[in-house]
Amino acid sequence: MILSDEIQKVPINEQKLNQMINLIISAERRNIKTGEFTTRDMVNAVRKIIEKYAE
């Protein structure tokens, strides 16, 4: 368990965050329309997006 005094604040690049959010929302909207991917596939897709932009 992490205590509140152990949490470190890190700077956030707002531009990368917004790009990441837009990509995730777009992927979700596409999948709602097509039903192409399972929930597990969507989790993996979102994880890849986050990993790419959170470097």
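**Two helices, face by face**

Visitor: Which exposed residues does the face of helix 2 turned away from its buried side carry?
Guide: Quick housekeeping: this is a predicted model, where local features need pLDDT of at least 70, side-chain atom pairs count only at pLDDT 80 or more, and totals for chains, interfaces and linings use all residues. Residues are numbered from 1 along each chain as its sequence is written, and side-chain values use heavy atoms, with hydrogens and water left out. Here exposed means over 50% relative accessible area, buried under 20% and partly exposed in between (1.4 Å probe, protein chains only). On that face of helix 2, turned away from the buried side, you'll find Arg40, Lys48 and Lys52.

Visitor: And how wide an arc do the buried residues of helix 2 cover?
Guide: The buried ones are Met42, Val46 and Ile49. They all sit on the same side of helix 2, because the arc they cover around the axis is only 55 degrees. That arc is taken from the directions from the helix axis to the C-beta atoms. An α-helix has 3.6 residues a turn, so residues three or four places apart point the same way. The arc, then: only 55 degrees.

Visitor: How far apart are the end C-alpha atoms of helix 2?
Guide: Helix 2 takes in residues 39-53, which is 15 residues. The expected span is 1.5 Å times one less than the number of residues. For helix 2 that comes to 21 Å, and the model agrees, with its end C-alpha atoms apart by 21 Å.

Visitor: What about helix 1: which of its residues are buried?
Guide: Helix 1 covers residues 14-34, and its end C-alpha atoms are 30 Å apart, in agreement with the 30 Å expected for 21 residues. Its face turned away from the buried side carries exposed Gln15, Arg29, Arg30, Ile32 and Lys33. The buried residues are Met20, Ile24, Ala27 and Asn31.

Visitor: How far is Gln19 from Tyr53, C-alpha to C-alpha?
Guide: Gln19 lies in helix 1 and is partly exposed, at 34% relative accessible area. Along the chain, Gln19 and Tyr53 are 34 residues apart, yet their C-alpha atoms are separated by 8.1 Å.

Visitor: And how far apart in space are Lys33 and Glu51?
Guide: Lys33 belongs to helix 1 and is exposed, with a relative accessible area of 75%. Lys33 and Glu51 are 18 residues apart in sequence, and in space their C-alpha atoms are apart by 25 Å.

Visitor: Zooming out, what is the radius of gyration of the chain?
Guide: The chain has 2 helices and 0 strands (DSSP runs numbered from the N terminus: H or I of at least four residues for helices, E of at least two for strands). It is more spread out than a compact globule, because the globule rule (2.2 Å times the number of residues to the power 0.38, for a radius taken over C-alpha atoms) gives 10 Å for 55 residues. The C-alpha trace spans about 45 × 30 × 15 Å along its principal axes. The radius of gyration, well over the rule's value, is 15 Å.
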